[in-house]
Amino acid sequence: MKKVNVIIFHLIISLTAFAQSPLLIPDYISGSEVQLTLQEGEVELFQGHLTKSIGYNQNILGPTLIFDKGQDVSIDVVNKLNEPTTVHWHGLHVSPKNDGGPHTIINPDHTWSPEFTILDEAATYWYHPHLHEHTEEQVTNGAAGFIIVRDADEAELELPRTYGVDDIPIVIQSRAFDSDNQFMMNTAADNIILCNATIDAFLDAPAQVVRLRLLNGSTERLYNLGFSDDRNFFQIASDGGLLNEPVSMNRLVLVPGERAEILLDLSGDLGKSLTLISYGSELPNGYYGASNPSVMPMGNIEGYSSNNLNGNDFEVLDINVISPSEDAVLSIPGTLVNHIPYSEDDVDRTRSLVFSPGQMGPHGMVNGPFSINNQSFDLNVINEEVLFENTEIWELRNMTAIAHPFHIHDVQFYILDINGSIPSASMRGRKDVVIVPPMGGTVRIIMRFDDFADIETPYMYHCHMLSHEDDGMMGQFLVLPLTTNEINLDPSIVTCSPNPATNFMRITGAPQANLKIYDIRGNMVRDESRIREDQEININNLEPGIYILTIESDKFKNSLKLMKL
Ligand code: C2O
Ligand code: CU
Ligand code: CU
């Protein structure tokens with residue numbers, strides 16, 4: 001096994017790189033009122049040199065937000081940058097207007113104040129900017145933080161949960177630096193590993209069972225994590241919830257955007273040291289971090305092969321085992337929760353999303369720009385319309401030469417299969433990111449669109465390689481209400497029927513009114529004046545979807561929602 005110590009590569013950059021630094025543990029905020037200020041800062045990542053950064057309430061990263069399921073929270077996000085931003089609560093199930101997607105812009109010196117109820121299960125989530133075409137830049141400059149949700153089921157289990165003592169959040173990010181020690185964007189030279197914004201980090205961990213909440217916050221890189229003595233550890237949670245039981249493993253692949261909670265039993269290791277390593281040499285080609293990012297021998301990314309992290313094993317974090325804490329957890333639970341995945345029998349609709357390269361040839365197949373269903377992201381185009389309370393299967397098919405981590409907002413999904421096979425035990429829980437293998441790789445996921453519908457604000461789905469996302473590998477979907485709720489709250493006897501309708505519909509209660517029909521993007525598709533009571537209106541030629549009808553006379557104006565099948 002090749003083992004490359006990244007410290008060697010730092011010698012050129014910093015003569016003092018051998019001095020290890022304690023892993024930074026972000027402060028935390030709990031309670032229902034949260035204030036986050038995104039601001040500029042500077043950090044001393046290399047001794048004696050300052051790197052310009054941004055962070056929430058601090059120079060880099062942000063405080064960990066600790067919430068309880070069921071809690072109502074109100075958050076003030078103040079933007080003190082000189083450019084717009086947005087903040088997305090990655091993995092949380094919130095309404096589209098609270099989701100912080102690219103439409104919810106916070107201008108410089110402005111405050112955005114979402115309020116929502118925590119509906120999520122105990123797990124590890126995160127927050128980061130989501131400004132279209134600037135996500136990579138703002139995240140790379142340091143804007144990201146953890147969210148920990150706790151709930152009653154988790155509280156009943158004997159698990160480590162003392163923040164910063166036996167319950168440690170760790171965000172792993174690879175970064176490229178220029179000769180001035182500043183972060184570089186849009187490059188494959190990401191050859192320095194940061195753990196919680198610390199280079200060459202070490203953690204003093206107590207000699208007991210410790211819980212590591214691992215987040216891959218990198219732009220593109222995948223990690224294949226294990227420990228230097230090859231010991232087994234136990235994954236207890238995936239992106240959006242605890243697993244049904246701990247899964248024993250000695251390798252954990254963590255893809256961009258993805259989280260995993262693991263239990264590491266250090267109870268017999270007092271005084272010893274071990275290292276968290278990414279075994280990049282074991283990653284198959286076609287995954288960013290392997291020796292070739294493409295499954296095609298020809299395709300490559302400029303600067304990739306000269307980055308020593310690619311195809312090699314490297315250190316991520318050193319762990320020194322110190323005396324146990326009080327109330328130490330000393331055993332691994334046998335079972336955790338009882339989540340039952342959605343069933344294929346309940347599916348209302350299946351849709352297929354195909355990832356394709358913008359240009360053919362070995363380089364386009366691995367460099368992008370990539371698109372989903374041949375559409376590049378456009379803020380003004382709704383790509384999919386989902387119906388409220390529907391269960392759907394999305395079939396993700398990757399026709400490019402590099403694997404992509406697919407992420408969807410609003411929901412947690414279950415993986416039905418990956419290239420036709422049932423996923424491994426650690427991937428059978430609640431997820432919001434899944435890696436789709438290259439060259440025809442197919443993943444089917446199942447999910448349910450509950451609680452939130454909004455006819456104007458969409459949710460996003462995208463590749464979580466931030467450079468791909470910024471380059472347009474993203475789409476947006478609306479969750480549309482099924483019912484014919486009136487839009488104007490003016491209670492009126494005007495109705496349209498049938499609704500949903502296929503070929504025709506009638507308006508009752510509004511003789512001699514004018515009828516206009518708009519599609520959900522606000523384009524008028526029909527204009528009928530002076531309709532008769534019960535007049536049959538032919539809608540055969542309208543595309544299936546949701547329409548807004550305005551019915552107007554000199555006496556009243558009313559709006560109705562019509563669903564065309
Ligand atoms: Cu973590 Cu839409 O992203
Ligand atoms: Cu998200
Ligand atoms: Cu991608």
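**Copper sites, rings and a sheet**

The charged end of Arg251 sits over the ring of Tyr279, 3.7 Å from the ring centre. That is a friendly place to begin a walk through this model, which is a predicted one. A second contact of this kind involves Arg175, which lies over the face of Phe183 at 5.4 Å from the ring centre.

Let us turn to the metals. Which residues hold the copper ion that is ligand 3? Its protein donors are His404 through ND1, Cys463 through SG and His468 through ND1, and they lie 2.0 to 2.1 Å from the ion. Along the sequence these donor residues follow the spacing H-x58-C-x4-H. The two histidines bring distant parts of the chain together: His404 belongs to strand 29 (residues 404-408), while His468 belongs to helix 5 (residues 466-470), 64 residues apart. Are these histidines buried or exposed? His404 has a relative accessible area of 0%, so this residue is buried. For His468 the value is 6%, and because buried means under 20%, His468 is buried as well.

Strand 29 also serves another copper ion, ligand 2, since His407 lies in that strand. Ligand 2 is coordinated by NE2 of His88 and NE2 of His407, at 1.9 Å. Here the link spans 319 residues, with His88 in strand 7 (residues 88-90) as the partner of His407 in strand 29. His88 counts as buried because its relative accessibility is 1%, and His407, with a relative accessible area of 1%, is buried too.

Now for the aromatic side chains. How many aromatic pairs does a search of the whole structure find? The search finds 20. One of them joins Tyr223 and Phe314: the ring centres are 6.3 Å apart and the planes stand at 75°, so the pair is edge-to-face. This pair also links distant parts of the chain, with Tyr223 in strand 18 (residues 223-227) and Phe314 in strand 24 (residues 313-322), 91 residues apart. Tyr223 is buried, at a relative accessible area of 0%, and Phe314 is buried at 3%. Another pair is formed by Trp394 and Tyr461, whose ring centres are 5.3 Å apart; their planes are at 90°, so this pair is edge-to-face. Trp394 sits in strand 28 (residues 391-398) and Tyr461 in strand 33 (residues 459-463), with their positions 67 residues apart in the chain. Both Trp394 and Tyr461 are buried. They also belong to one aromatic cluster, together with Phe355, Phe406, Phe449, Tyr459 and Phe477.

Finally, back to the strands that carry Tyr223 and Phe314. Strands 18 and 24 take part in an open sheet of six strands, ordered 1-16-24-23-18-21 with mixed pairing. Which strands form the edges? They are strand 1 (21-22) and strand 21 (252-254), each of which pairs on one side only. Within the sheet, strand 18 runs antiparallel to strand 23 (residues 273-279), and three bridges join the two. One detail to look for is Leu225, whose bridge partner in strand 23 is Ser278. As a general point, strands of a sheet pair through backbone hydrogen bonds, in either a parallel or an antiparallel way.

Key: Residues numbered from 1 in each chain as written. Chains lettered and ligands numbered in written order. Predicted model: local features only at pLDDT ≥ 70, side-chain atom pairs only at ≥ 80, totals over all residues. Heavy atoms only, no water. Donors = N, O, S within 2.8 Å, 3.2 Å for Na, K, Ca; no water. Helix = DSSP H or I, 4+ residues; strand = E, 2+ residues; numbered from the N terminus. Buried < 20%, exposed > 50% of the residue type's maximum accessible area, 1.4 Å probe, protein only. Phe/Tyr/Trp six-rings, centres within 6.5 Å; stacked < 30°, edge-to-face > 60°. Lys NZ or Arg CZ within 6 Å of the ring centre and 35° of its normal. Pairing = 2+ DSSP bridges.
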